[in-house]
Amino acid sequence: MLEKMFAAWSRTLEKLFPHPFTLALLLTVVTFVVAFLFTPHSASELVGFWGAGMWDLLDFAMQMALILVTGQALAEAPPVARALKALSSAPKGMTGGVALVSLSAMVAAWLNWGFGLIVGAILARLVADDLASRLGEDKVSRGLLGAAGYTGLAFWHGGISGSAPLAVAGAGHSLEELVGVVPMQETVFSGRNMALSLALLVLVPAFLMLLSHFQLAPTGQEVAERLPPPEEKTGSVFEKVLVLLLVIAALYWWFGLRAGLGLNTVIFGFLFLGLAAHGAATPYAQALDRATSGISGIVLQFPFYFGIVGLAAKSGLVGIVSDQFVKASAGIESATGFQPFLIFVFLSAGLCNLFVPSGGGQWVIQGPIVLTAANQLNVEPSSTILAVAYGDQWTNLLQPFWALPLLSITGLKPAHLLSVTTLLLLWEGLIVILALCFF
C-alpha cells in the first residue's frame, strides 16, 4: 500500500514539475513580471538588466561543472572501485547494507558532492547484488538501498564542496560588498555545522535501518540490468611519468605555497587526486568524458539563472523581497520573543530547490536576498549561509534531478527512491529545524 501511494506521489510530482530548463524559463518570466509590477523600471530597462546578467557569472558555472565531473571521475578510479567492491560484501543483511551505503555516500559527498553521488550509486548496486546472491532477490529491497545511496545529496552542502559556503569564502566574490569574505572556518568548519553534520551522519542511516524492516520499495525483479562498464585503459609509461610530475607540482602548490581553501582549490585538489588515482592521462580523460554528460543542465540553465539575478538585483527586487523577510521575522519575534529568520531561510531554500535544482544556481538567486535581510536583522552571515545550504540539500530528497546517474547505475525509477526519500525528508527536516533554533 505504501509503495503504491508513493509511486502515485512520484507521478504527481512529474506532472507538477516539468523539465528543469522549462522551470528556468518560467522563473525568468515570473521575475520579469514581478519586477515590472513592483519596481519603477520600464520593460526595456528590465530586459537590459536581464541580458547583462546572463554573462556576469560564467566562471561560477564552470566551477560548478568541474566540481561534478572531477568527483565522478574520482569515483571511477580503479583504487576507489576496488575499495567499493571490497566494502560491498561486508553487510550480512538489509539493515547493515543500508547503513553502510548511506554512511559511505554521505562521507564521500561531504568531500565532493559528485563523488558522493557516484560512490553511493555504485555501492548501492554492489551491495544489492551481493545480498541477492547470498539471501535471494526477494530479501533485498533495491529501492531502499538506492535511496541510501542518494542520501549524500541530502548531506553534501555542509561539506567542503558546498556551493554556498565556497561561493563567499574567497576574495572577489559577487557579494563581497554585502558581507565581506566569510571563511570556511565560520561555515563548514564551525562547531555548529560540524555538530549538525555529525547528528545527520548518525540519525539518517539509523532511520533507514528502521525502514529496512519494512518492504517500502521494490525488489530486484523490477530493476533493469546495468550496462557493462566501459573498457578500461591503463595509459602508457610516458603518461604515468607525466602524471607523477604534475601531481608533485600540485602537492607543492597546495602545501608548499599554502593555498587557501576555496572553490578553486577544492576543484584543484579533486582534479589532481583523480588524475593520480587513475594513474595516467588516457583513463582519466575517458572518465571525464563519461562524467560530462551530467553537466548539460549547468551549461544550459545557469546563464538563465544569472539573468534572473541581474534582473532582480539591478531592478531593486532583491531589496523588496528581503524587506518582506525582515518584516515577517521581526513581527514574529516581537510577538513571541523567538527569531524565526533562519527557519524561514531554510524552508524557502527547500522550496527554491524544487524549482532550481542546483546548489550553485540557487545560491546565485537566493544569496543576495537572504544576506541583505540578515544584515538588517543583525543575523550572522555564516548562519544564514548554512541555513540556505541545509534547505537546498534537504529537498533533494524530493527532487530527483541529480539522481539521474544513480538511477542509471542501479536501474531504478524515481518512484522507487521517492517511496523512501519522502519519509526521510520529514525526518531530516525535523532534525535541521530543531538545530536551527540553537544557531
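## Helices, bends and a small enclosed space

R142 sits in helix 8, and that's a handy place to start looking around this predicted model. The side chain of R142 makes a polar contact of 2.8 Å with the side chain of E137. R142 also helps line the second largest cavity. From there, this briefing moves on to four helices, then to some residues in loops and helices and their partners in space.

**R142 and the second largest cavity**

- With a relative accessible area of 9%, R142 falls under the 20% cut-off, so R142 is buried.
- How many cavities of 30 Å³ or more are there? The count is three.
- The second largest cavity holds about 50 Å³ of space.
- Its lining is made up of A124, R125, A128, R142, L145, G146, T410 and L412.
- Which elements give two or more residues to that lining? They are helix 7 (113-135) and helix 8 (142-150).
- Sorted by class, the lining of the second largest cavity comes out as four nonpolar, two polar and two charged residues.

**Helix 15**

- Helix 15 covers residues 296-315, which makes 20 residues.
- From first C-alpha to last, helix 15 reaches 29 Å, close to the 28 Å expected at 1.5 Å a residue.
- Look for a bend of about 35 degrees at F302 in helix 15, with a proline, P303, following within four residues.
- Why call helix 15 largely enclosed by the rest of the structure? Because 15 of its 20 residues are buried.
- Right after helix 15 comes G316, with a positive phi of about 95 degrees.

**Helix 16**

- Helix 16 (residues 317-336) has 20 residues, and its end-to-end C-alpha reach is 29 Å, close to the expected 28 Å.
- Which residues of helix 16 are buried? They are L317, V318, S322, F325, V326 and S329.
- An α-helix has 3.6 residues a turn, so residues three or four places apart point the same way.
- With that in mind, pick out S322, F325, V326 and S329 among the buried residues of helix 16.
- Just past helix 16, G337 has a positive phi of about 85 degrees.

**Helix 18 and the loop after it**

- Helix 18 (359-377) is mostly covered, with 16 of its 19 residues buried.
- There's a bend of about 45 degrees at Q366 in helix 18, and a proline, P368, turns up within four residues after that.
- N378 follows helix 18 and has a positive phi near 60 degrees.
- That's a positive value in a residue other than glycine.
- Where does N378 lie? You'll find N378 in the loop between helix 18 and helix 19 (381-394).
- Is N378 buried or exposed? At a relative accessible area of 72%, N378 is over the 50% cut-off, so N378 counts as exposed.

**Helix residues and their partners in space**

- E428 belongs to helix 21 (residues 414-436).
- E428 has 2% relative accessibility, which is under 20%, so E428 counts as buried.
- Along the chain, E428 and Y390 are 38 residues apart, and their C-alpha atoms are separated by 9.7 Å.
- P405 is part of helix 20 (residues 404-410).
- P405 has 23% relative accessibility, between the 20% and 50% cut-offs, so P405 counts as partly exposed.
- P405 and A121 are 284 residues apart in sequence, yet 7.6 Å apart in space, C-alpha to C-alpha.

**Loop residues and their partners in space**

- V188 is in the loop between helix 10 (176-179) and helix 11 (191-211).
- At 0% relative accessibility, V188 is under the 20% cut-off and so counts as buried.
- The C-alpha atoms of V188 and W110 are separated by 9.9 Å, with their positions 78 residues apart along the chain.
- G159 sits in the loop between helix 8 and helix 9 (163-167).
- G159 also has 0% relative accessibility, so G159 counts as buried too.
- What is the spacing of G159 and N193? They are 34 residues apart in sequence and 9.1 Å apart in space, C-alpha to C-alpha.

Note on methods. Residues are numbered from 1 along each chain as its sequence is written. This is a predicted model: local features need pLDDT of at least 70, side-chain atom pairs count only at pLDDT 80 or more; totals for chains, interfaces and linings use all residues. Side-chain values use heavy atoms; hydrogens and water are left out. On a 1 Å grid over the protein atoms alone, a cavity is a set of points where a 1.4 Å probe fits but cannot get out, and a pocket is an open set with protein on both sides within 12 Å along at least five of seven lines; lining residues have an atom within 4 Å of a point. Grid points are joined across faces, edges and corners, and a volume is the space filled by probe spheres set on the points. Ala, Val, Leu, Ile, Met, Phe, Trp, Tyr, Cys and Pro count as nonpolar, Asp, Glu, Lys and Arg as charged, and the others, Gly among them, as polar. The expected span of a helix is 1.5 Å times one less than its number of residues. The bend at a residue is the angle between axes fitted to the seven residues ending there and the seven starting there. Buried means under 20% relative accessible area, exposed over 50%, partly exposed in between (1.4 Å probe, protein chains only). A polar contact is a pair of N or O atoms within 3.5 Å; within protein, one must be able to donate a hydrogen and the other to accept it, and residues adjacent in sequence count only if both atoms are side-chain atoms.
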